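The following exercises concern salt bridges, cysteines and surface patches. Please work through each task before reading its solution.

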Amino acid sequence: MASGEAVAKGCGNIFARLFDHRSALQGESRYFVKEFEKRRGDRDFEQIKQSVEMVKDVQHCLLPENVKMSKDFLSPMQEKVDEVLAMTSDAMKTEQEAEAVRQRNDRSESERDLKEFLTECARKKQEIDDNCEKELFAFKSKLSSTGT
């Protein structure tokens, strides 16, 4: 049995030497990753340096120019906006005053119409009362003439 185990172990070793390349591949892959990271790190560092330079250029050159240009452009625009706001405010005041006048006129017209209506109602009531009184007097007269 010992010789069978030795043969199996020997076959396993031969098989491992011929077909099992894991350890060699792992070493090669580690070397490849190290080289790749080194090259990539250098490239990334260069890109970061370029980005820093661009940011500095923007801060020192373009930003002040843009701020100045925006102030030059926005100041007249702010003045125009203020003028428009003032005109709008005036228009709103005028419209509010006109609306107040319309409401006063409508109210006074409504009051006048109400007074006319009440006067007309009082006149008609008096007319009806007068007619009733006449009719009552006529009815009483007729009753007294037929009853006597």
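Three exercises with worked solutions follow.

This is a predicted model, in which local features need pLDDT of at least 70, side-chain atom pairs count only at pLDDT 80 or more, and totals for chains, interfaces and linings use all residues. Residues are numbered from 1 along each chain as its sequence is written, and side-chain values use heavy atoms, with hydrogens and water left out.

**Exercise 1. Salt bridges**

Determine how many salt bridges there are, and describe the pairs Lys-68 with Asp-72 and Glu-99 with Arg-102.

Step 1. The criterion is a side-chain nitrogen of Lys or Arg within 4 Å of a carboxyl oxygen of Asp or Glu. Under this criterion there are seven salt bridges.

Step 2. Between Lys-68 and Asp-72, the closest N and O atoms are 3.1 Å apart. Both residues lie in helix H2, four residues apart, about one turn of the helix; helices are DSSP runs (H or I, at least four residues), numbered from the N terminus. Lys-68 is exposed at 53% relative accessibility, whereas Asp-72 is partly exposed at 46%. For these classes, buried means under 20% relative accessible area, exposed over 50%, and partly exposed in between (1.4 Å probe, protein chains only).

Step 3. For Glu-99 and Arg-102, the N to O distance is 2.7 Å. These two residues are three residues apart in helix H2, about one helical turn. A network of salt bridges links Glu-95, Glu-99 and Arg-102.

**Exercise 2. Cysteines**

Explain why Cys-121 is not bonded to Cys-132.

Step 1. A disulfide is a covalent bond between the sulfur atoms of two cysteines. The cut-off applied is a pair of cysteine sulfur atoms within 2.5 Å.

Step 2. The closest cysteine sulfur to that of Cys-121 belongs to Cys-132 and is 16 Å away, which is too far for a bond. The count of disulfides is accordingly zero.

Step 3. Relative accessibility is 35% for Cys-121, a partly exposed residue. Cys-132 is also partly exposed, at 49%.

**Exercise 3. Surface patches**

Which residues make the nonpolar surface patch, and which form a negative one?

Step 1. Candidates must have over 30% relative accessible area and no salt bridge; like charges are joined within 9 Å, and nonpolar side chains (Val, Leu, Ile, Met, Phe, Trp, Tyr) within 5 Å.

Step 2. Phe-73, Leu-74, Met-77, Val-81 and Leu-85 make a nonpolar patch of about 480 Å². Among them, Val-81 lies in helix H2 and is partly exposed at 40%.

Step 3. Asp and Glu count as negative, and charges are placed at CG of Asp or CD of Glu. Asp-106, Glu-109, Asp-113 and Glu-116 form a negative patch.

Methods
Accessible areas come from the Shrake-Rupley method with a 1.4 Å probe; for residues, only the protein chains shown count as cover.
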